[in-house]
Amino acid sequence: MVKEIIKDVEVLSKPCDKATIDDMGIVDDLMETAASMEDVAGLSANQIGETKCIAIYLDDKDEFKTVFNPKLVKALYPVKMEEECFSVDGAHKVTRFECATIAYEEPVDGKLVARKREFHGRESQILQHVIDHCKGKVI
């Protein structure tokens with residue numbers, strides 16, 4: 001179901017709860033909401049009113065991927081940049097890392113499978129943004 005994007009800072013500032021495979025319905029809502037919008041690179045569950053640690057991001061093949069319970073494990077090569085967010089008006093200065101190792105869980109055959117992967121460039125930036133949302137950090 002297409003959901004409205006949350007802009008309430010109080011709601012967005014609360015850290016998300018750990019997600020389980022039972023939260024897969026949220027992924028459908030994230031995908032449908034993203035498909036209804038323009039220029040979406042990533043979206044976290046709390047941006048659509050769900051308090052679970054789930055996000056989607058646009059990979060380098062322009063396909064949306066899902067991450068459950070993502071965490072930044074290692075970060076290298078900081079870069080200062082401006083970022084925009086659907087939940088916060090305007091561009092904001094942030095520091096992101098060109099190279100980031102992310103630990104996350106991925107839904108596979110009805111189970112969450114632990115993964116850890118190094119991301120670079122745009123994928124790294126998007127994942128850091130949605131991880132911040134999951135932690136309750138507003139830009």
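This report describes the strands, nonpolar cores, pockets and some single residues of a predicted model.

## Strands and hairpins

The strand pairings can be followed along the chain, beginning with β2 (54–58) and β3 (64–85). These two strands, β2 and β3, run antiparallel to each other and are paired over five bridges, and within this pairing Ile 56 stands opposite Thr 66 in β3. A hairpin with five residues between its strands is formed by β2 and β3, and in its turn Asp 62 has a positive phi of about 60 degrees.

The strand β3 also pairs with β4 (88–108), again in the antiparallel sense, and here the pairing extends over 14 bridges. Two residues form the connection in the hairpin that joins β3 to β4, and Glu 84 has Ala 91 of β4 standing opposite to it. Next comes the pairing of β4 with β5, which is antiparallel and covers 10 bridges, with Ala 103 finding its bridge partner in Lys 116 of β5. The hairpin formed by β4 and β5 has two residues between the strands, and Asp 109, which lies in the turn, has a positive phi of about 50 degrees. When looking at any of these strands, it helps to remember that in a regular strand the side chains alternate between the two faces of the sheet.

## Two nonpolar cores

The largest nonpolar core holds 13 residues, and the members that touch the most other members are Leu 30, Leu 43 and Ile 54. At least two residues of this core come from each of α2 (24–35) and β2, and α2 provides the largest share, with four residues. Which residues does Leu 30 contact, once its neighbours within four places in sequence are left aside? The contacts of Leu 30 are Leu 43, Ser 44, Ala 45, Ile 48, Ile 54, Ala 55 and Ile 56.

A second core, separate from the one just described, is made of 11 residues, and Val 67, Phe 119, Val 130 and Ile 131 are among them.

## The largest pocket

The largest pocket has a volume of about 350 Å³. It is lined by 14 residues, of which Asp 39, Ala 41, Glu 84, Cys 85 and Phe 86 are the closest to its centre. The elements β3, β4 and α3 (121–134) each contribute at least two residues to this lining, while the largest share, four residues, belongs to α3. Sorted by class, the lining of the largest pocket consists of five nonpolar, five polar and four charged residues.

One of the residues closest to the centre, Asp 39, sits in the loop between α2 and β1 (42–44). Asp 39 is not a glycine, yet its phi is positive, at about 60 degrees. Is Asp 39 buried or exposed? Because its relative accessibility is 73%, Asp 39 counts as exposed, the cut-off for that word being over 50%.

## The second largest pocket

The second largest pocket contains about 230 Å³ of space. Its lining has 15 residues, and those nearest the centre are Cys 53, Asn 69, Pro 70, Lys 71 and Ala 103. At least two lining residues come from each of β3, β4, β5 (111–120) and α3, and β3 gives the most, with four residues. By class, the lining of the second largest pocket is made up of nine nonpolar, one polar and five charged residues.

Asn 69, which is among the residues nearest the centre of this pocket, is found in strand β3. The phi of Asn 69 is near 55 degrees, which is a positive value in a residue other than glycine. Asn 69 counts as buried because its relative accessible area is 8%, and the cut-off for buried is under 20%.

## Tyr 77 in strand β3

Strand β3 also includes Tyr 77. Tyr 77 has a relative accessibility of 57% and therefore counts as exposed. If residues up to four places away in sequence are not counted, Tyr 77 touches Arg 96, Phe 97, Glu 98 and Cys 99. Tyr 77 and Cys 16 lie 61 residues apart along the chain, and their C-alpha atoms are separated by 27 Å.

Terms used:
Residues numbered from 1 in each chain as written. Predicted model: local features only at pLDDT ≥ 70, side-chain atom pairs only at ≥ 80, totals over all residues. Heavy atoms only, no water. 1 Å grid on protein atoms, 1.4 Å probe; cavity = no way out; pocket = protein on both sides within 12 Å on 5 of 7 lines; lining within 4 Å. Points joined across faces, edges and corners; volume = space filled by probe spheres on them. Nonpolar A, V, L, I, M, F, W, Y, C, P; charged D, E, K, R; others polar. Core = buried A, V, L, I, M, F, W, Y, C linked by side-chain atoms within 4.5 Å. Buried < 20%, exposed > 50% of the residue type's maximum accessible area, 1.4 Å probe, protein only. Contact = heavy atoms within 4.5 Å. Pairing = 2+ DSSP bridges.
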